[in-house]
Number of protein chains: 2
Amino acid sequence: MNQSSSALLTDLYQLTMLQGYLEQRMECTAVFECFVRKLPPRRGFLVAAGLEQALSYLETLRFTPWELDWIAKSGRFSAALVEYLTQFRFTGDVHAMPEGTVFFPDEPILRVTAPLPQAQLVETRLSNLLHFQTLIASKAVRAGLAAPGKELVDFGLRRAHGAEAGLLAARASYLVGFSGTATVQAGALFGIPVYGTVAHSFIQAHEDEMEAFEHFALAQPNHVVLLLDTYDTEAAARKVVALAPRLQKRGISVKGVRLDSGNLADHARRVRRILNDGGLPDVRIVASGNLDEYALQELMAIKAPIDSFAVGAHMTTSSDAPYLDCVYKLQEYAGRACRKRSEGKATWPGCKQVYRHYGADGRMAYDVLTLADEGTDFKSVPDGTALIQPIMREGRRLAPAPALVDVRARVADELARLPEHLRRLQDGPPYQVRVSQALRDLAKACDERH
Amino acid sequence: MNQSSSALLTDLYQLTMLQGYLEQRMECTAVFECFVRKLPPRRGFLVAAGLEQALSYLETLRFTPWELDWIAKSGRFSAALVEYLTQFRFTGDVHAMPEGTVFFPDEPILRVTAPLPQAQLVETRLSNLLHFQTLIASKAVRAGLAAPGKELVDFGLRRAHGAEAGLLAARASYLVGFSGTATVQAGALFGIPVYGTVAHSFIQAHEDEMEAFEHFALAQPNHVVLLLDTYDTEAAARKVVALAPRLQKRGISVKGVRLDSGNLADHARRVRRILNDGGLPDVRIVASGNLDEYALQELMAIKAPIDSFAVGAHMTTSSDAPYLDCVYKLQEYAGRACRKRSEGKATWPGCKQVYRHYGADGRMAYDVLTLADEGTDFKSVPDGTALIQPIMREGRRLAPAPALVDVRARVADELARLPEHLRRLQDGPPYQVRVSQALRDLAKACDERH
């Protein structure tokens, strides 16, 4: 069984609610929206990601005979529900912000418009997919802000939360500007450039460090990046200097060296000097080991001579904020706007749009959250750019998925338009998201109903 | 492609190192061990988990023609490597702590003994699988310590890091004492009990809350748990009281109610009173919403009348410590012990065993980390219990996987033997792990070689 595409990848209550909806013939059109309620600490903005996987999920969602059998045998469900699931296809519409769009709390990144049981059933996996890549894109983008112009590579698979997390973290970090990943399968599936050096075990398996370097160079003559810190970093750098001319005679250039422990700035400075003095000024220094955007910021501030950063667990787990307050909420059913009033969790009702306004400098100035259909009447709206676009109609995509390089270009453009205070890595004044009067009025009307 | 079983789920450097090993005919026996270097903040111990998935991975690891083709076309690898991978089978031995074993830093939870290229190739995915379930088991067990005797259920799929994380978090939390999960597929794949209630959307899709309750009860007559906080929690509790006799006439009992927002203790007390006064003392109260072991501890301390806790994102992401400093390191090659000296990352060399010693009260007293073969000579060892056991020989398991209920029983036994100070949820004095003299001598000898 392919566990990541199973229709059973859902919460039990979706199936129990479906049974209720079907029994009551509640199959009118529902609108659900996916949004983040509030930012985690130290995040000033988020980057939408995961739409591509969410759409694939909706397009291909089917119950296999094995899955249907499990549901039937669970003893909790009616034959009518099993029959419904046997025929299940997602036939709804999807509107969304394109991947790579910068967004803020309460702004929907995706809207599903579909018969209620369909829109309900997809909640869990859709949330799971949008949440994770958005989480990682929003974390990884910070490494780029911390170390502009440096090469960043994802080294995080081993401590990612399972296989899919590793793969999708490679994708999400690439979208926001990473140069590539160490995860081979991410290269094979998504066409992301794949990077690699060598591990301590390779050095240790040899009795002699210099011999290990030479053997690795012979095995990867076009990608020689040698790991220096197995025993003594500077001694190893001197071995690289001694080895380089011998390799050069065989047409092999050392491309880089990697530092993975200790004070990276100090080692980088000493190693840079050894390499330069040894006639190897073009050999790049790669640093790895417990790096996150805060460490990168420090290394940049003290001008550590590091050319490339390999970022692992902190990025693939979004370690300082490992989840987002991301939800998928019913906004409208059968033409009637809905809103829950749960304490601290109240939501804006109805089917919404986000208009972004830019200042004279081209930077983002503020957003306006409106009802999707108030665009023409609402005086201040027409100046803004609508962020939510039609993506899927009646279960089919309106356009092929954009190439990842195009999403990267979008992110670069978004970052160029980010107000200066949002580029910092610490808490600051929040970006302004205004709520239209029509939307406030609707919320009030909803509250008066209950 | 089944992404979670792909042989390409590895770091590029494993393949480049393999090419080096093969070119140098370095195919002697290597010993790698997987261990955690240090505990994250606030953790006094860890619980080993994920062995079952790790073994399945080793047993079934094959390169498909598509994967081999991708490797060949990448232009980085020799025909000899592709040929080697075409034939690849894991034929090594595995020793490990059984799932559910409590362990501490520097103690190997798994040892691979295999020809070097085999033992090297499996590093990334093996680490990824052992790391994640160990992380989650070690987090989830704390909820049980915080709320002994309460029912705990995993509600975390939507904010888990992808599909596999959701599924394996359901498994890992069940192993350490959770009653079940909301994730349907975890029920289908692992036989874990599946739980569910109802979402706000179901209530909101109805014009009337009472009608929503009734419809849900009719749809799930044997599992009626009603959600109270969509509009006004106490008003909803009174509706349950009004509805219950009507349902009772149709043979339907309300089993529980769920609170998902606001001050859970206050709401629980008020709802408990309303239910008791309404003749429903047996209706259970389920609480959910941003719960972790710290919240549970507080709710228990103030005796909130809550019977069941649904725990989500905090548990499935191990939010206060979303990764472990877990590594897989070469300890021996061709009979020669290895140790890296990297600053702050030095490791104990050789093939190791852990002996656990218990006090007169039956509680764990201290562990001794030794060389695997010093058992007979080492004076203080024979009293202890060896934690690392043979699990796989020449690529085949020595015994079928234990049933999950048996692993649960092991964990319960382990927890009963935990020293009191480790049962607290805060930092405390570390548990003592002694290192044998023979192991210290070997480390010194290794250092003198380099």
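The paragraphs below lead through a predicted model, beginning with a single chain and ending with the contact between two copies.

Chain A is a convenient place to start, and its secondary structure comprises 17 helices and 19 strands. Measured out along the principal axes, its C-alpha atoms fill a box of roughly 80 × 60 × 40 Å. Of the 450 residues in chain A, 55% are buried. If one takes the contacts in chain A that have a sequence separation of 6 or more, 74% of them are accounted for by residues 24 or more positions apart.

The domain assignment divides chain A into domain 1, made of two stretches (3–137 + 321–449), and domain 2, which covers 140–316. The centres of domain 1 and domain 2 of chain A, taken over C-alpha atoms, are separated by 38 Å. Where these two domains of chain A meet, 17 residues come from domain 1 and 23 residues from domain 2. On the side of domain 1 of chain A that touches domain 2, helix 6 (123–146) and helix 15 (404–416) of chain A each supply at least two residues, and helix 15 of chain A gives the most, with five residues. By class, that side of domain 1 of chain A holds 10 nonpolar, four polar and three charged residues.

A sheet in chain A deserves a closer look. Seven strands of chain A make up this open sheet, with antiparallel pairing, and reading across it the order is 13-12-1-5-3-17-18. Strand 13 (336–337) and strand 18 (396–397) of chain A stand at the edges with a single partner strand each, so one side of each is left without a neighbour in the sheet.

Within that order, strand 1 of chain A lies between strand 12 and strand 5, and its pairing on either side can be followed residue by residue. Strand 1 of chain A spans residues 29–36 and is mostly covered, since seven of its eight residues are buried. Toward one side, strand 1 of chain A runs antiparallel to strand 5 (residues 110–115) of chain A, the two being joined by six bridges; here A:A30 stands opposite A:A114 in strand 5 of chain A. Toward the other, strand 1 of chain A pairs with strand 12 (residues 326–333) of chain A, again in the antiparallel sense, over seven bridges, and in this pairing A:V31 stands opposite A:E332 in strand 12 of chain A. Further along the sheet, strand 3 (residues 93–96) and strand 17 (residues 389–393) of chain A pair in the antiparallel sense over three bridges, with A:V94 opposite A:M392 in strand 17 of chain A.

The second copy, chain B, can now be brought in. Chain B is superposed on chain A by a rotation of 180° with 0.0 Å of shift along the axis, and the RMSD is 0.0 Å. The two copies are thus related as by a two-fold rotation axis. Both copies use the same surface, for 100% of the contact residues of chain B recur in chain A.

In this contact, 84 residues of chain B meet 84 residues of chain A. Several elements of chain B give two or more residues to the side that touches chain A, among them helix 5 (116–121), helix 6 (123–146), helix 7 (163–175) and strand 12 (326–333) of chain B. Helix 1 of chain B gives the most to this side, with eight residues. The residues on the side of chain B that touches chain A divide into 37 nonpolar, 35 polar and 12 charged.

Two of these contributing elements of chain B can be examined in more detail. Helix 6 of chain B has 24 residues and reaches 35 Å from its first C-alpha to its last, which is close to the 34 Å expected at 1.5 Å a residue. Because 23 of the 24 residues of helix 6 of chain B are buried, this helix is largely enclosed by the rest of the structure.

Helix 1 of chain B contains B:Y21, a residue that counts as buried because 25 other C-beta atoms lie within 10 Å. Leaving aside residues up to four places away in sequence, B:Y21 touches B:M26, B:E27, B:L116, B:P117 and B:Q120. B:Y21 and B:T124 are 103 residues apart in sequence, and their C-alpha atoms are 17 Å apart in space.

Terms used
Residues numbered from 1 in each chain as written. Chains lettered and ligands numbered in written order. Predicted model: local features only at pLDDT ≥ 70, side-chain atom pairs only at ≥ 80, totals over all residues. Contact = placed C-beta atoms within 7 Å. Helix = DSSP H or I, 4+ residues; strand = E, 2+ residues; numbered from the N terminus. Nonpolar A, V, L, I, M, F, W, Y, C, P; charged D, E, K, R; others polar. Least-squares fit on C-alpha atoms with pLDDT ≥ 70 in both. Buried ≥ 20, exposed ≤ 12 C-beta atoms within 10 Å, placed from the backbone. Expected span 1.5 Å × (residues − 1). Domains from an automatic or database assignment. Pairing = 2+ DSSP bridges.
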